[in-house]
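Reader: I've got a model open and I'd like to talk it through with you. Can you show it here, and then we'll go question by question?

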Amino acid sequence: MQAWQVHENGEPSEVMRLAEVERPTPGDGQVLLRVRAANINFPDALLCRGQYQVRPPLPFTPGVEICGETEDGRRVIANPALPHGGFAEYALADSRALLPAPESLDDAQAAALHIGYQTGWFGLHRRARLEAGETLLVHAAAGGVGSAAVQLGKAAGATVIGVVGGPDKAAVARELGCDVVVDRRAEDVVAAVKEATGGRGVDVVYDPVGGEAYTQSAKLVAFEGRIVVVGFAGGTIPSPALNHALVKNYSIVGLHWGLYNTKNPALVQHCHKQLTALAERGAIRPLVSERVPLDGAAAAVQRVADGVTTGRVAVVLEKGAGA
């Protein structure tokens with residue numbers, strides 16, 4: 001079969017190599033899946049760079065989120081078991097963690113429903129306890145993680161303010177349903193959000209960026225507001241001033257979604273049922289901005305790493321490939 005492999009750490013476009021390799025053999029509790037589509041996530045770039053919290057042995061195949069097909073023809077969503085990741089014709093996954101792919105979504109959309117939307121659901125509902133009528137601020141609202149949070153916020157009945165970088169991403173954020181869009185490259189984010197909220201600020205901040213975005217969040221969070229720390233795509237890990245949280249009476253909550261797979265896997269299953277129901281009624285739909293063939297995976301991962309994409313980029317394999 002064909003698979004992208006990383007033999008040394010570095011930038012994705014430089015270290016990912018497409019090779020002919022043997023199909024992986026499932027271990028105890030694992031299943032072999034034919035990959036139908038693999039969604040590209042920022043952690044795939046971090047894996048290539050050797051900067052992710054999980055460091056699989058070299059060589060490995062990146063790709064942490066797929067829509068695959070079981071031997072008996074079931075279409076499922078899975079997180080591949082590294083080092084046999086999803087940018088390949090076949091991947092391995094934990095048989096107990098397979099999730100049914102919603103019939104309302106195509107392969108690329110189904111592959112993109114899992115990590116970003118689970119993270120959004122847990123962040124907004126489990127950690128921040130977002131309520132209808134509250135105001136939600138989403139940083140990087142046109143990106144893969146942010147776009148999911150925007151849709152989930154709207155589905156929950158919140159007013160959503162999206163922060164983006166550039167007019168093209170602003171247009172995407174509006175199409176996603178943001179009530180207010182702030183272009184951080186052309187506007188003062190703090191001033192614009194305060195104006196939009198009548199000086200009150202926002203109830204919940206969803207921050208996958210860190211750095212300056214977090215600094216802005218602390219200035220914008222309202223009384224008894226919640227800042228959900230999801231990641232640091234901006235490259236800088238902030239150091240919060242806890243006295244500021246005390247004086248303004250807000251909460252800083254962290255979210256590492258992957259922990260739920262071991263700490264409370266039943267809740268992951270429950271979340272998927274909620275997401276499936278939302279997808280079936282059209283309340284959420286992954287924004288897949290690009291669909292690329294397997295041989296375009298390395299360049300696509302690099303684009304995601306460089307922050308120039310909107311929504312999700314999916315690697316789509318032709319049916320029967322590698323058979």
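**A strand, its sheet and a helix**

Author: Sure, and keep in mind that this is a predicted model. A starting point is T135: leaving aside its neighbours within four places in sequence, it touches T159, I161, T197, V202, D203 and V204.

Reader: Is T135 buried or exposed?
Author: T135 sits in strand β8, which covers residues 135–139. The cut-off for buried is under 20% relative accessible area. T135 has 13%, so it counts as buried.

Reader: Which strands are at the edges of the sheet?
Author: Start from the strand order, β10-β9-β8-β11-β12-β13, an open sheet of six strands with parallel pairing. An edge strand pairs on one side only, and that holds for β10 (180–183) and β13 (251–254). On average, neighbouring strands here are turned by 20° against each other, direction ignored. The edge strands, then, are β10 and β13.

Reader: What stands opposite Y206 in β12?
Author: Strand β11 (residues 202–207) and strand β12 (residues 221–229) are parallel partners, joined over five bridges. Across from Y206, in β12, you'll find V228.

Reader: Which residues have the most contacts inside the largest nonpolar core?
Author: As a rule, nonpolar side chains in soluble globular proteins tend to be buried together. Here the largest nonpolar core takes in 80 residues. L136 has contacts beyond four places in sequence that include L124, V160, I161 and Y206. The residues with the most contacts inside that core are M16, F122, L136 and V315.

Reader: At about what angle does helix α5 run to β8?
Author: Helix α5 (residues 144–155) lies across β8, β9 (159–164) and β11. Its direction relative to β8 is about 170°.

Reader: And what about helix α6: what angle does its direction make with that of β10?
Author: Helix α6 (residues 167–176) packs on the sheet, where it touches β9 and β10. With the direction of β10 it makes about 165°.

Reader: How far apart are the end C-alpha atoms of α5?
Author: Count 1.5 Å a residue, and the twelve residues of α5 should span 16 Å. The model agrees with that expectation, since the end C-alpha atoms are apart by 17 Å.

Reader: How many of the twelve residues of α5 are buried?
Author: Among the buried ones are G144, A148, V150 and L152. The helix is largely enclosed by the rest of the structure, because the buried count out of twelve is nine.

Reader: Which residue just after α5 takes a positive phi?
Author: Look just past the end of the helix for a phi of about 90°. The residue is G157.

How values were computed
Residues numbered from 1 in each chain as written. Predicted model: local features only at pLDDT ≥ 70, side-chain atom pairs only at ≥ 80, totals over all residues. Heavy atoms only, no water. Helix = DSSP H or I, 4+ residues; strand = E, 2+ residues; numbered from the N terminus. Buried < 20%, exposed > 50% of the residue type's maximum accessible area, 1.4 Å probe, protein only. Contact = heavy atoms within 4.5 Å. Core = buried A, V, L, I, M, F, W, Y, C linked by side-chain atoms within 4.5 Å. Pairing = 2+ DSSP bridges. Axes fitted to C-alpha atoms, helices over the stretch in contact; angles between N-to-C directions. Expected span 1.5 Å × (residues − 1).
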